[in-house]
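This briefing introduces a structure to a reader who has not met it before. Please consult the sequence and the model shown here before reading the points that follow.

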Amino acid sequence: MERTITVRSSAIDSWIRRFRAIEREKEKKLGIAKPLAASILITPALESSKLGFFRPDALLIVINEDLVENGTDREIENVFLHELAHALDYRLNGAAEHGNSFRACCRMLGIDEGFDKSVIKLSVGRMNARREKIRKLMALSSSPFENESASAIRKARKLMAESGLDGCAHEKIYMTALHSAGKFSYGTKMLLSYVEKASGVFIVTTHEGKERKAIAYGSLEEVEFSLYLFDYLSSSADREIRTRRKQGEHISKDNFMMGMIETLSSNTSESALDTSIIAIHDKNRDKAKRMIYPNTRLVTRSSRSSASFDDGSYGIGKCFGDNLDVPKAITRKAIR
């Protein structure tokens, strides 16, 4: 499953509608019936120097959030038209490079003559010291000391709690799909519940046909942290379970996860900090209901394990959770 972090706000939504209107106008003028872009996203998960790009395999146009926040209307529209020219070139010629056919498409779309998106200077400044510190805490070198993971998680939670309730004149919400499957196992549900409580994000499980998605909502720091944490814990548990099964051990994944999460919850719990994270979670819940699901009734369901209790797997999971080490590197998730 491909994941990225996207952003929503009244201003962002307005730009998405504006991009679509520009696209329809150009398509009508050129006599093109089918949309050139299947999806248009505005996302923070780009390198600061990258203003936008077109991905042919998904017919996807991605625009950098910093450009939308700091660029002039002319700059923003020209960057979008630049990417739309790539989409048009791909539609007409099967090409996605900056060749002669691309330059011809730029002229067809009426991109300002002399426009060069590489010379646009952005006032980025978004990646402040606090966010970088959160990221570094989740990318510590492996340590021989017990509970290094729990220590890093506690510190990251504390930093988010210190900044998570700040006011914001321009209300926005970030989101990402943490997990996607036809059915969530009990262990996955437990892990999602822990990630929600540890990071302060609000997680909603959506149903699209036969597929379910767990989508996390919150600030950029909170959503990034939830994504790192979910990937790190799920991949670490899967590797340990695979190793033990290859050695001939019978391991129940649900019971292993139950033991691991119970230990982690105990090791990372601090009453004052937990109260702050709950407040952040409630803020994110209210914001998601208001901005994303204004006319939808969200239902809370308790999850129960259908598997019988396996004390051995549970104990192994508890021991594993107590000795987890943060991996050497957790990289930022981004559309490539």
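Which residue in β4 does Gly52 stand opposite? The residue is Ile63. The structure is a predicted model, and the points below proceed from the whole chain to a sheet, a loop and a surface patch.

**The chain as a whole**

- The chain has 336 residues, of which 49% are buried.
- Its secondary structure comprises 11 helices and 7 strands.
- Among contacts with a separation of 6 or more, 74% are between residues 24 or more positions apart.
- About 17,000 Å² of the chain is exposed, and 48% of this area is supplied by carbon and sulfur atoms.

**The sheet of β2, β4 and β3**

- An open sheet is formed by 3 strands, which follow the order β2-β4-β3 with mixed pairing.
- The strands at the edges are β2, covering 39–43, and β3, covering 52–55; each of them pairs on one side only.
- On average, and with direction ignored, neighbouring strands of this sheet are turned by 15° against each other.
- Helix α1, made of residues 10–30, packs on the sheet and touches β2 and β4. The direction of α1 makes about 145° with that of β2.
- Strands β3 and β4 run antiparallel and are joined by 4 bridges, with β4 spanning residues 60–64.

**The loop between β3 and β4**

- Leu59 lies in the loop between β3 and β4.
- Although Leu59 is not a glycine, it has a positive phi of about 50°.
- Is Leu59 buried or exposed? Neither term applies: its relative accessible area is 27%, and buried requires a value under 20% whereas exposed requires one over 50%. Leu59 is therefore classed as partly exposed.

**A nonpolar surface patch**

- Leu30, Leu92 and Met108 make a nonpolar patch of about 240 Å² on the surface.
- One of these residues, Met108, is located in helix α4, which consists of residues 100–109.
- Why does Met108 count as partly exposed? The reason is its relative accessibility of 37%, because the partly exposed class lies between the limits of 20% and 50%.

Conventions
Residues are numbered from 1 along each chain as its sequence is written. This is a predicted model: local features need pLDDT of at least 70, side-chain atom pairs count only at pLDDT 80 or more; totals for chains, interfaces and linings use all residues. Side-chain values use heavy atoms; hydrogens and water are left out. Two strands pair if DSSP finds at least two bridges between them. Helices (H or I, at least four residues) and strands (E, at least two) are DSSP runs, numbered from the N terminus. Axes are lines fitted to C-alpha atoms, for helices over the stretch in contact, and angles run from 0 to 180 degrees between N-to-C directions. Contact means heavy atoms within 4.5 Å. Patches are made of residues with over 30% relative accessible area and no salt bridge: like charges are joined within 9 Å, nonpolar side chains (Val, Leu, Ile, Met, Phe, Trp, Tyr) within 5 Å. Accessible areas come from the Shrake-Rupley method with a 1.4 Å probe; for residues, only the protein chains shown count as cover. A salt bridge is a side-chain nitrogen of Lys or Arg within 4 Å of a carboxyl oxygen of Asp or Glu. Buried means under 20% relative accessible area, exposed over 50%, partly exposed in between (1.4 Å probe, protein chains only).
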